[in-house]
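Biologist: Could you take a close look at one strand for me, and then walk outward from there? I'd like the neighbours and the packing, told in one go.

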Amino acid sequence: MSDWGAVVTGVGVVAPGAVGRAAYWDLLTAGRTATRGITLFDAAGFQSRIAAEVDFDPAAAGLTPHEVERMDRSAQFAVVAAREALADAGLEPGQTDPERVGVSIGSAVGCTTRLEDEYVMVSDSGKNWEVTPEFATDHLYRALIPSTLAVEVAWTAGAEGPTTVVSTGCTSGLDAVGHGVQLISEGAADVVIAGATDAPISPITVACFDAIGATSRNNEDAAHSSRPFDRDRDGFVLGEGSAVLVLESREHAARRGAHGYAEIIGFAQRSNAYHMTGLKPDGLDMAEAIEIAMRRAGITPDMISYVNAHGSGTAQNDRHETAAVKKALGEAAHRVPVSSIKSMIGHSLGAIGALEVAACALAIETDTVPPTANLQHQDPALDLDYVPLAARKNVNDIVLSVGSGFGGFQSAMLLARPGLASRK
Amino acid sequence: MTKNRRTVFSGVSAIAPNGSTTKEFWDATLNGVSGIGPISTFDASGYPVRLAGQVADFAPRDSIDGRLMVQTDRWTQLGLVAAARALEDAEIDPAALDEYDMSVITATSSGGNEFGQREIQKLWDKGARYVGPYQSIAWFYAATTGQISIRHGMKGACGVLVGEQAGGLDALGQARRALVDDATTVVSGGTDAPLGPYALACHVSSRLLTERQDPVRAYRPFDAEADGYVAGEGGAIFILEAEDTVRARDAGPGYGVLAGYAATFDPRPGSGREPGLRRAIVRALADARVDPSEVDVVFADGLGVPEADRAEAEAISAVFGARRVPVTVPKCLVGRLHAGGAPLDVAMALLSIRDSVIPGTPSLGELAPGIDLDVVRETRQATVRTALVLARGFEGFNAAVVIRSV
C-alpha cells in the first residue's frame, strides 16, 4: 500500500435522528429511518413534503446565543460535530502546533437556509428586486459566502494551517475529506479537521428539486420513502446534517498514541463531462474513479470488504452505480455487501459524503455493515448484495465509499483497518 | 516520480471591469483606466453603497448558446467565456486530448447569487410551482466547474474551492496537485459576479465596503484615507500544464511558472497571535525555493481597510524589509472581485513578466501612517522574473503564490 493516507482519530456527527456519534451508529445499525414529513417549514404547497430532519437544539448542543445568531444552521451543525470529533480524538487545543492544523469542510449549498430567511425579510417576501439593506442582520455577509463554514471550524479547533471549503455539490463531503488527507500526505499539515455540512431543508431547495422531479413524492409513507435499490423507489429524500473527522498523519497519531478508527488509504475523483444532472447507465466514469483509488491505495478488488454506496434512491443512480461497481470490482462485486445509509438519513447533499465516511470508519471499528433500509423488493435489474433491512456482521478490513453528484462529479474513497497497511 | 516537474501557465484569459478581454484589461490597467462606476444594473439608490466594478461590454451570447445561457448565472458565463478563451490562447483543442487527462478546478465566493435571487423571488412572490428547473444546477457553487467540464469534455479530477478572495489562489494550488497526480492539462482560476441586488445587500452587512461615491477616490488600498473597498465582478481563468506537456506539443514556452504556493489561516480573533499572512509568504517562497531578494514585485491583497492594510504592510515588511520590494495594487481600478480577484492579480503578474512592466496603483495619494511600503504609483518599466501574489479571504484566509518566468 502507498504512503498516501491519514488516520481517522476522531468522529463527530450531527445526523437526522441522531445527534452524536454513538446515537448515529445505533440508528444506522438498527436500520431505523429518520425520514418524515417536513416540520422545519410549512411544506403544504410542495410536491415532495418529506425530509430527514435533525432534531437539533443548539443550546442543548452547547452553542451560545451569540454563536446561534452569527451562524447558519449548517455552520452550527459543523461546529457541534467538530467539537465532538476533537473531544473524541482527545486533541486538546494547544497540544499540536496550530500552524500544523488544517481545515477542509465540504458543503454543497452553504448557508442557504439563512440566505433565504433573510431574503424574505429584506425583499418584503419577494415583492422587491431591489431589497432594503438596512433590514439585513449584522451577519448576513457570512451567509452569502460559505467559506464561513471553514472559519467556524477553524476557530473551534484553533487551526491556523491551510483552511478551505470544498464545494463540489453532492461529492463535497468525500472531496473535502480527500482534500484533508491530501494536505497531510503532502506535508502541509499534521492534523486536518475534515468533514462536511449542509442544512438545505428550506423552501427554495425543496422547490428546486420539485421542479426537476428528483425527490420522492411518497408523502403518505414518509418513514419508508427513501428506497435505494428498491423497485418502488421514486427519488431521493432531502436530508441535512454534518460529520467532522479528525485526520492525523500516521506519525502524529502514533506519537501521541491516538486511537484510530480507520486509515484513509485511497481517493480519486473523475467527472462525466456529460450532463449537470444526468448519468449514463454505463457508470464508466465512476468506475474509473474507483479503479484509480484502488491503484493509488495499492489494493485489488478482492480485498474490499464493504461498499458504502451513493444509493440516492433514483432509478438513474442505481443503474449507474451498480454498473460502476461491477466494472471496477469485476467478479468481486458479486461477493461484497453494498448498502446505502441514505435509506435511513436521506441525502444531505454535500454533507452526506462525510456522514458516509464516518459510517465507513465505524463499520471498520465494529465489523458491522449497516443495512439498506426499506429494501423490500429489490429492482430485478440490479444484481448485487444490497444488505436489505438488517445490519450484518462482517470483517471490514477495507471499505469503499463512492459518491456521485450534480455537475457530473464522481468520487471514490478507500478506508482500511488501522495498521493493515503495515501488516501487509 | 514527476513531483518536481514545473507547472506552466500556457493560457490566460482575464475579464475585468476595465476591460472584458485580456488585452483590453491590460491596456486599461497599464494606463490607469478605472472600471469602477455607479451601479447600473439595478436601482441602488436605497443602498449605502453606490459604486461597483462592473464588466460593461461582456457579451456572453456571442459564444454561449441560448440554451446554456438560460441555465447559467452570470458568474458561470464569465467562467465559460474565460475558459474558452484561455484554451484558445494556449492553442489547445480539448477534443484532441485524452478526456481523463484534463481537469477543471475553479474558485467561487458566492456562486450564482443573482440567478438564485430571481428564483427565490419567484418562490416567495408567486409560489413553488414558479421555480424553474435550472435553479438546482445554476446557483450552487460547483456550477461553473461542472459546466466548463461538460462543455470541453474534461473528465479528470475536478474541484471547487471557496475561501472568499483567497480561494482563487487555493484553486491554483489545487490545480498544481492535479498535475502532480495525473492530469496533464488543468483549467483553473476563478470568477465571481456578486453584484446582484441581494448579494450586494449581503455584502453591505460586512461593513467593509466604502460608501464613497467618487469612483476614482473610492477604493484606496494603503492610502491614509482608505475606508473600505468597492466590490467588483470578473476574474481570470488559466490553462496550467506540466512543463513536459507544453514542450511535447511544441507550443510556445508559456507565460510563467507557478513556482510556489502556500495557505494559512489567522488565529482566532482576540488571541493576540500574529496573523497568518507572513507565514503564507514565507512558505510560498520556500516552496518556490526563492529568496526574498529575488522577488521583483508583490501584488498585494490591499483590502483598503486601515487595520487590514497595516497588517498586510507589516507582513510584507517583515519578510522583505521596509521599502525593499515594489508593491502594487492595480485592483484599485476594478474593485475586489472575490474569487476572481486573486486570479486577476496572477494574470497581471504573468503579463508583467511578459512585458517587463509593473502596473501601478493610481488610487494612492498619501500612504497611511505606519505603512512602510514602496507602493508603485505609476506604471513603470522593470524586468520582472519573479512575482509574489497575495490574497486574504474574509475572517482569516491567507494565500500566497510565487510566479516566475519560464
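**A strand covered on both faces**

Modeller: Sure, let's start with E14(B), where both faces are covered: Thr386(B), Leu388(B), Leu390(B) and Arg392(B) sit on one side, Ala387(B), Val389(B), Ala391(B) and Gly393(B) sit on the other, and all of them are buried. Keep in mind that this is a predicted model. The split into two sets is the usual pattern, because side chains in a regular strand alternate between the two faces of the sheet. E14(B) spans residues 386-393, and with eight of its eight residues buried it is largely enclosed by the rest of the structure. The cut-off behind that word is 20 or more other C-beta atoms within 10 Å of a residue's own.

Now for the partners of E14(B). Strand E9 of chain B, residues 297-299, pairs with E14(B) in the parallel sense over three bridges. One pair to click on there is Phe299(B), whose bridge partner in E14(B) is Val389(B). Strand E15 of chain B, residues 397-404, runs antiparallel to E14(B), and eight bridges join the two. In that pairing, Gly393(B) stands opposite Phe397(B) of E15(B). E14(B) and E15(B) also form a hairpin with three residues between them, and Glu395(B) in the turn has a positive phi of about 75°.

Chain B has another strand you can read in a similar way. E6(B), residues 185-192, has eight of its eight residues buried, so it too is largely enclosed by the rest of the structure. Thr185(B), Val187(B), Gly189(B) and Thr191(B) point one way from E6(B), while Val186(B), Ser188(B), Gly190(B) and Asp192(B) point the other way, and all are buried. Asp192(B) is in that buried set, much as Arg392(B) is in the set from E14(B). As for pairing, strand E4 of chain B (residues 102-107) and E6(B) go together in the parallel sense over six bridges, with Ser103(B) bridging to Val186(B). Strand E7 of chain B, residues 234-242, is antiparallel to E6(B) and joined to it by eight bridges. Gly190(B) has Ala236(B) as its bridge partner in E7(B).

Staying in chain B, look at two helices. H4(B) and H8(B) pack at an angle of about 110°, and their axes are 7 Å apart. The two are therefore roughly perpendicular to each other. On the H4(B) side, Asn113(B), Glu114(B) and Gln117(B) meet Pro197(B), Tyr198(B) and Ala199(B) of H8(B). By class, this contact has three nonpolar, two polar and one charged residues.

Those helices lead on to the other chain. The contact between the chains takes 67 residues from chain B and 70 residues from chain A. Several elements of chain B each supply at least two residues to the side that touches chain A, including helix H4 (113-125), helix H8 (197-204) and strand E5 (159-162). That side of chain B divides into 32 nonpolar, 24 polar and 11 charged residues. There is strand pairing across the chains as well: two bridges join strand E6 of chain A, residues 163-166, to E5(B), and the strands run antiparallel. Val166(A) stands opposite Leu161(B) there.

Over in chain A, three strands form an open sheet in the order E3-E4-E8, with mixed pairing. E3 (35-37) and E8 (238-239) of chain A stand at the edges with a single partner strand each, so one side of each is left without a neighbour in the sheet. E3(A) and E4(A), residues 50-52, pair in the antiparallel sense over three bridges, and Arg36(A) has Ala51(A) as its bridge partner in E4(A).

Last stop, a helix pair in chain A. The axes of H10(A) (residues 284-297) and H11(A) (residues 315-329) come within 8 Å and cross at roughly 40°. That makes H10(A) oblique to H11(A), and the crossing is right-handed. Among the residues that meet are Leu284(A), Ile290(A) and Glu291(A) from H10(A), and His320(A), Ala324(A) and Lys327(A) from H11(A). The residues of this contact divide into six nonpolar, one polar and three charged. H10 of chain A is also the place of Ala289(A), which counts as buried with 28 C-beta neighbours inside 10 Å. Leaving out residues up to four places away in sequence, Ala289(A) touches Ala268(A), Gln269(A), Arg270(A), Gln410(A), Ser411(A) and Ala412(A).

Methods
Residues are numbered from 1 along each chain as its sequence is written. Chains are lettered from A and ligands numbered from 1 in the order in which they are written. This is a predicted model: local features need pLDDT of at least 70, side-chain atom pairs count only at pLDDT 80 or more; totals for chains, interfaces and linings use all residues. Two residues are in contact if their C-beta atoms, placed from the backbone, lie within 7 Å. Helices (H or I, at least four residues) and strands (E, at least two) are DSSP runs, numbered from the N terminus. Ala, Val, Leu, Ile, Met, Phe, Trp, Tyr, Cys and Pro count as nonpolar, Asp, Glu, Lys and Arg as charged, and the others, Gly among them, as polar. Two strands pair if DSSP finds at least two bridges between them. Axes are lines fitted to C-alpha atoms, for helices over the stretch in contact, and angles run from 0 to 180 degrees between N-to-C directions. Angles under 35 degrees count as roughly parallel, over 145 as roughly antiparallel, 65 to 115 as roughly perpendicular and the rest as oblique. A crossing is left-handed if the near helix is turned anticlockwise from the far one by less than a right angle, and right-handed if clockwise. A residue is buried if 20 or more other C-beta atoms lie within 10 Å of its own, exposed if 12 or fewer, and partly exposed in between; C-beta atoms are placed from the backbone.
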